[in-house]
Amino acid sequence: MGDVTMDAYVWADVRGDIRKMPFKNDSFAACFADYPWKGNWRKNLALAIREMLRVAPIAYIMGPYLYGGSICRPTDIQIQWQPGVNPGLLFVRYERALPIDQWPKLKSASAEGGEPRAARVQEPS
């Protein structure tokens, strides 16, 4: 185990997609991600967190979305908000809630309406 950087677009130790990492289960003690905040990343967040928790039992995520799903639980949430500068940012620590071999399959989870969802942080009014 050690520090390894991975990115799809800029220089890193490993070039790749966070939604499908080239590492074995439990290759690391923890993962950290600051993923894109716009476009289709709200949908991709569930896939990214799932993959991060496959390669490490703990995932740290920075972004405006909070993930909810049966495979993990948030154990610490920090919120940063600067009016006029950015939407509320969450710094969340997730832990696996289920062993990897007990995770629901992606197809069956979405077919049953149990697909994990991400919610955007609402700015104070």
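This report describes the fold, core, surface and salt bridges of a predicted model.

## Overall fold

The protein contains 2 helices and 8 strands. Along the sequence these elements run in the order β-β-β-α-β-β-β-β-α-β.

Of the 125 residues, 36% are buried. When contacts between residues at least 6 apart in sequence are considered, 65% of them join residues at least 24 apart. The exposed area of the protein is about 8000 Å², and 54% of it comes from carbon and sulfur atoms.

## Helix α1

Helix α1 covers residues 41–55. From the first C-alpha to the last, the 15 residues of α1 reach 20 Å, close to the 21 Å expected at 1.5 Å a residue.

The helix is largely enclosed by the rest of the structure, because 12 of its 15 residues are buried. The buried positions include nonpolar residues such as Trp41, Leu45, Ile49 and Met52. Asn44, Arg50, Glu51 and Arg54 are also on the buried list.

## Nonpolar core

The largest nonpolar core has 26 residues, and those that touch the most other members are Leu45, Ile49, Met52, Ile61, Tyr67, Cys72 and Tyr94. At least two core residues come from each of β3 (31–34), α1, β4 (58–63), β5 and β7 (86–96). The largest contribution is that of α1, with 8 residues.

Met52 shows how α1 meets other parts of the chain. Leaving aside residues up to four places away in sequence, Met52 touches Ile18, Met21, Cys31, Phe32, Ala33, Ala59, Tyr60 and Ile61.

## Salt bridges

The model has 5 salt bridges. Side chains of opposite charge can pair when their charged atoms come close. One such pair is Glu51 with Arg54, at 2.7 Å from N to O. Both residues lie in helix α1, 3 residues apart, which is about one turn of the helix. Residues three or four places apart in an α-helix point the same way, because there are 3.6 residues a turn. Glu51 is buried at a relative accessible area of 11%, and Arg54 is buried as well, at 15%.

Asp17 pairs with Arg19, and their closest N and O atoms are 2.5 Å apart. Here Asp17 is partly exposed, with a relative accessible area of 27%, and Arg19 is partly exposed at 33%. Another salt bridge joins the side chains of Arg93 and Glu95 at 2.3 Å, N to O. Glu95 is partly exposed, its relative accessible area being 22%. Arg93 and Glu95 also belong to a salt-bridge network with Arg73.

## Surface patch and a loop residue

Leu66, Ile77 and Ile79 make a nonpolar surface patch of about 260 Å². Leu66 belongs to strand β5 (residues 65–68). With a relative accessible area of 31%, Leu66 is partly exposed, and it therefore passes the patch cut-off of over 30%.

Asp26 lies in the loop between β2 (14–15) and β3. Asp26 is not a glycine, yet it has a positive phi of about 55°. Its relative accessibility is 38%, so Asp26 counts as partly exposed.

Terms used. Residues are numbered from 1 along each chain as its sequence is written. This is a predicted model: local features need pLDDT of at least 70, side-chain atom pairs count only at pLDDT 80 or more; totals for chains, interfaces and linings use all residues. Side-chain values use heavy atoms; hydrogens and water are left out. Patches are made of residues with over 30% relative accessible area and no salt bridge: like charges are joined within 9 Å, nonpolar side chains (Val, Leu, Ile, Met, Phe, Trp, Tyr) within 5 Å. Accessible areas come from the Shrake-Rupley method with a 1.4 Å probe; for residues, only the protein chains shown count as cover. A salt bridge is a side-chain nitrogen of Lys or Arg within 4 Å of a carboxyl oxygen of Asp or Glu. Helices (H or I, at least four residues) and strands (E, at least two) are DSSP runs, numbered from the N terminus. Buried means under 20% relative accessible area, exposed over 50%, partly exposed in between (1.4 Å probe, protein chains only). A nonpolar core is a set of buried Ala, Val, Leu, Ile, Met, Phe, Trp, Tyr and Cys residues joined through side-chain atoms within 4.5 Å. Contact means heavy atoms within 4.5 Å. The expected span of a helix is 1.5 Å times one less than its number of residues.
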